[in-house]
Amino acid sequence: MKDIYEPKFVEKLFDKMSSSYSKVNYITSFGFSERWRRQCVEEIGIEKGKIVVDLMTGMGECWKHILKKSDKNSKLIGLDFSTEMINRAEKNKRKFKKSTIEVLKENVFQNSIENQTADYVISGFGLKTFNDEQLGELSNEINRILKPNGKFSLIDVSVPKNKILKPFYMFYLKNVIPILGKVFLGSPETYKMLGVYTEEFGNSKNTHRIFNRPEFDVEYVEYFFGCASGIKGRKIK
């Protein structure tokens, strides 16, 4: 199999899925994806007048939760490398005319965000597309762009450990999601990759291990019996 973590492969995959990703993500999470995004944002208590960076922003699905407490001095920077996702994010931006939103089509590891820019960093459902080395680079990048005492919260779908829930969940990932891919895109192989990424990812405990470094005070978080997990933390240096 081609290296599934190679950036160009991931970029093309999400370009293909962009037209139906929001619907499929909602269906495959049994409607919980919106709730998990909201919880991910709420973990760090975003205040008014601050700068929030949303990494792997996709179509801007987290924005409505991030901008709930925004004001004229607040700013949101959304970053993604998928052309089609960014095109949809630009359209989504029109819904928030009173908010200051900057959309960047850039790779998270080669971005133009200046050092110590962000008060908060958010990422919803992008972790599983990174291998260990890339997660290490992600921790470096978040450390670079966060201000001292800045906070971060990252979340992704996970494989639950519950003996009853796990086999059902994995069957769903491996068999039902590809069918949805065929229905929406005529390509079961495209959405099959979401199951592959999720199974390889497992949960965010490995991400927690990688982010557990002197610069961060970091905590592992689980949602709905482990069907989603993430980390939240603060930059202490």
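## Contact between helix 1 and helix 5

In this predicted model, helix 1 meets helix 5 through three residues on each side: Glu11, Phe14 and Asp15 from helix 1, and Thr83, Glu84 and Met85 from helix 5. By class, the contact holds three charged residues, two nonpolar ones and one polar one.

Helix 1 spans residues 7-17. Its axis lies 7 Å from that of helix 5, and the two helices pack at an angle of about 50°. Helix 1 and helix 5 are therefore oblique to each other.

## Buried sides of helix 5 and helix 3

Helix 5 runs over residues 83-93, and its buried residues are Met85, Ile86, Ala89 and Asn92. These buried residues sit on the same side of helix 5, because they cover an arc of only 110° around the axis. Met85 also belongs to the contact with helix 1.

Helix 3 covers residues 33-42. Its buried residues are Ser33, Trp36, Arg37, Cys40 and Val41. They too share one side of their helix, because their arc around the axis is only 135°.

## Two residues with positive phi

Most residues other than glycine have a negative phi. Phe125 is not a glycine, yet its phi is positive, at about 70°. Where is Phe125 found? It is in the loop between strand 4 (118-124) and helix 6 (132-145). Phe125 is buried, with a relative accessible area of 4%. The cut-off for buried is under 20%.

Asn149 is another non-glycine residue with a positive phi of about 70°. Asn149 is found in strand 5, which covers residues 146-157.

## The chain as a whole

The protein chain has nine helices and seven strands. Its radius of gyration is 17 Å, close to the 18 Å that the globule rule gives for 237 residues, so the chain is as compact as a globular protein of that length. Along the principal axes, the C-alpha atoms fill a box of roughly 45 × 40 × 30 Å.

Of the 237 residues in the protein chain, 54% are buried. Contacts were also sorted by separation in sequence. Among those between residues at least 6 apart, 76% join residues at least 24 apart.

Note on methods. Residues numbered from 1 in each chain as written. Predicted model: local features only at pLDDT ≥ 70, side-chain atom pairs only at ≥ 80, totals over all residues. Heavy atoms only, no water. Buried < 20%, exposed > 50% of the residue type's maximum accessible area, 1.4 Å probe, protein only. Helix = DSSP H or I, 4+ residues; strand = E, 2+ residues; numbered from the N terminus. Arc of directions from axis to C-beta. Axes fitted to C-alpha atoms, helices over the stretch in contact; angles between N-to-C directions. Parallel < 35°, antiparallel > 145°, perpendicular 65-115°, else oblique. Contact = heavy atoms within 4.5 Å. Nonpolar A, V, L, I, M, F, W, Y, C, P; charged D, E, K, R; others polar. Rg over C-alpha atoms; globule rule 2.2 N^0.38 Å.
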